[in-house]
Amino acid sequence: MAGVFEAGGWGLLAGSALVLGAAIGFLGRIPTRVVAAIMAFGSGVLLSAVSFELIAEAHEQAGVLPTAIGAITGALVYTGANLALAARGARHRKRSGDQQPSETEQSGSGTAIALGALLDGIPESIVIGVSLLAGGSVSAVTVAAVFISNVPEGLSSASGMRAAGRSRAYVFGLWGGIALISAVSAMAGYGLLGGAPAGLLAAITALAGGAILTMIADTMIPEAFDNAQLWIGPITVAGFLTAFALSHL
């Protein structure tokens, strides 16, 4: 039982970065280019975590086939859910400009954005819980990578929500709720998968990796590219190397 609460604590810590980012994005006036640069850095951090902490770990546990099946499944499931939510107004949920529709422009878009934020955050949180099962201690690199990447996600999305006219209560209620759900997801990852075969754990880890990688390509990199085209490459590499260095400390 102690492990379940430990997983929840780490999930809450990583999820709290969304609230931190939302506070900066909603209450501050961050230049669009700076938001895009931070998003590019966060993309690089997550790319590194997916490569070295998720896909590599899944491959070590079960080999190429379960890893590939899990990653492809994660990508397809995420894409299918994202397409459904995009049709209801959540396509630009991580954009910092005026691309997000207001509730007046598209009824139900607020709910779709909230569900989209959950879709983005749950795989990361489950992985945090699963990482505790492997060696009895959480993967510090995974927690750090999710925390670092969550700041620009919350920042960019909250900036877009402010531009769309959404209230402070909506923004902080949304991200605070998702931080709590991140804790619950991490607890579920630990509590429900304890004792699961290595092949199943590998497939789930790879599934989360595939979903996160798809999210980076679909929602994070487009925001970075639109507003920081000339510098997105070096900034993304800097984020990648930062997480890579953390994994080798």
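1. In which hand of crossing does α2 pass α5? In this predicted model, the crossing of α2 past α5 is left-handed. The axes of the two helices come within 8 Å and cross at roughly 150°, which makes α2 roughly antiparallel to α5, since angles over 145 degrees are counted in that class.

2. The contact that goes with this crossing draws on Val35, Ile38, Met39, Phe41, Gly42, Val45, Leu46, Ala49 and Glu53 from α2, and on the α5 side it is made by Val141, Thr142, Ala145, Ile148, Ser149, Pro152, Glu153, Leu155 and Ser156. Sorted by class, the contact of α2 with α5 has twelve nonpolar, four polar and two charged residues.

3. Helix α2, which covers residues 32–62, also packs against helix α8, residues 232–247, and here the angle is about 40° with the axes 7 Å apart. That angle makes α2 oblique to α8, and α2 passes α8 in a crossing that is right-handed. A reader following α2 along the model will therefore find it roughly antiparallel to α5 but oblique to α8.

4. On the α2 side, the residues that meet α8 are Ala37, Ala40, Phe41, Gly44, Val45, Leu47, Ser48, Ser51, Phe52 and Glu53, while α8 contributes Ile232, Ile235, Thr236, Ala238, Gly239, Phe240, Thr242, Ala243, Phe244 and Ser247. Twelve nonpolar, seven polar and one charged residues make up the contact of α2 with α8. Phe41, Val45 and Glu53 of α2 are listed in the contact with α8 and are also among the α2 residues in the contact with α5.

5. Helix α5 has a further partner in α6, residues 168–193, and these two pack at an angle of about 150° with their axes 10 Å apart. The two helices are therefore roughly antiparallel to each other, and α5 passes α6 in a right-handed crossing. Gly154, Ser157, Ala158 and Met161 in α5 meet Tyr170, Val171, Leu174 and Trp175 in α6, and these residues divide into six nonpolar, two polar and no charged.

6. Turning to enclosed space, the structure holds four cavities of 30 Å³ or more, and about 60 Å³ of space lies in the largest cavity. Its lining consists of Leu46, Ala49, Val50, Leu54, Glu124, Val127, Thr142, Ala145, Val146 and Ile212. The elements giving two or more residues to this lining are α2, α4 and α5 (140–163), with α2 giving the most, at four residues. By class, the lining of the largest cavity has eight nonpolar, one polar and one charged residues.

7. The largest cavity can be related to the helix packing described above, as Leu46, Ala49, Thr142 and Ala145 are among its lining residues and also appear in the contact of α2 with α5.

8. As for open space, which residues line the second largest pocket? They are Gly74, Val77, Tyr78, Leu119, Ile122, Pro123, Ile126, Ile204, Leu207, Ala208 and Ala211, and the elements that give two or more residues to the lining are α3 (64–90), α4 (109–135) and α7 (198–227). About 170 Å³ of space lies in this pocket, and its lining residues divide into ten nonpolar, one polar and no charged. Helix α4 thus has a part in the linings of both spaces, being listed for the second largest pocket and for the largest cavity.

Terms used. Residues are numbered from 1 along each chain as its sequence is written. This is a predicted model: local features need pLDDT of at least 70, side-chain atom pairs count only at pLDDT 80 or more; totals for chains, interfaces and linings use all residues. Side-chain values use heavy atoms; hydrogens and water are left out. On a 1 Å grid over the protein atoms alone, a cavity is a set of points where a 1.4 Å probe fits but cannot get out, and a pocket is an open set with protein on both sides within 12 Å along at least five of seven lines; lining residues have an atom within 4 Å of a point. Grid points are joined across faces, edges and corners, and a volume is the space filled by probe spheres set on the points. Ala, Val, Leu, Ile, Met, Phe, Trp, Tyr, Cys and Pro count as nonpolar, Asp, Glu, Lys and Arg as charged, and the others, Gly among them, as polar. Axes are lines fitted to C-alpha atoms, for helices over the stretch in contact, and angles run from 0 to 180 degrees between N-to-C directions. Angles under 35 degrees count as roughly parallel, over 145 as roughly antiparallel, 65 to 115 as roughly perpendicular and the rest as oblique. A crossing is left-handed if the near helix is turned anticlockwise from the far one by less than a right angle, and right-handed if clockwise. Contact means heavy atoms within 4.5 Å.
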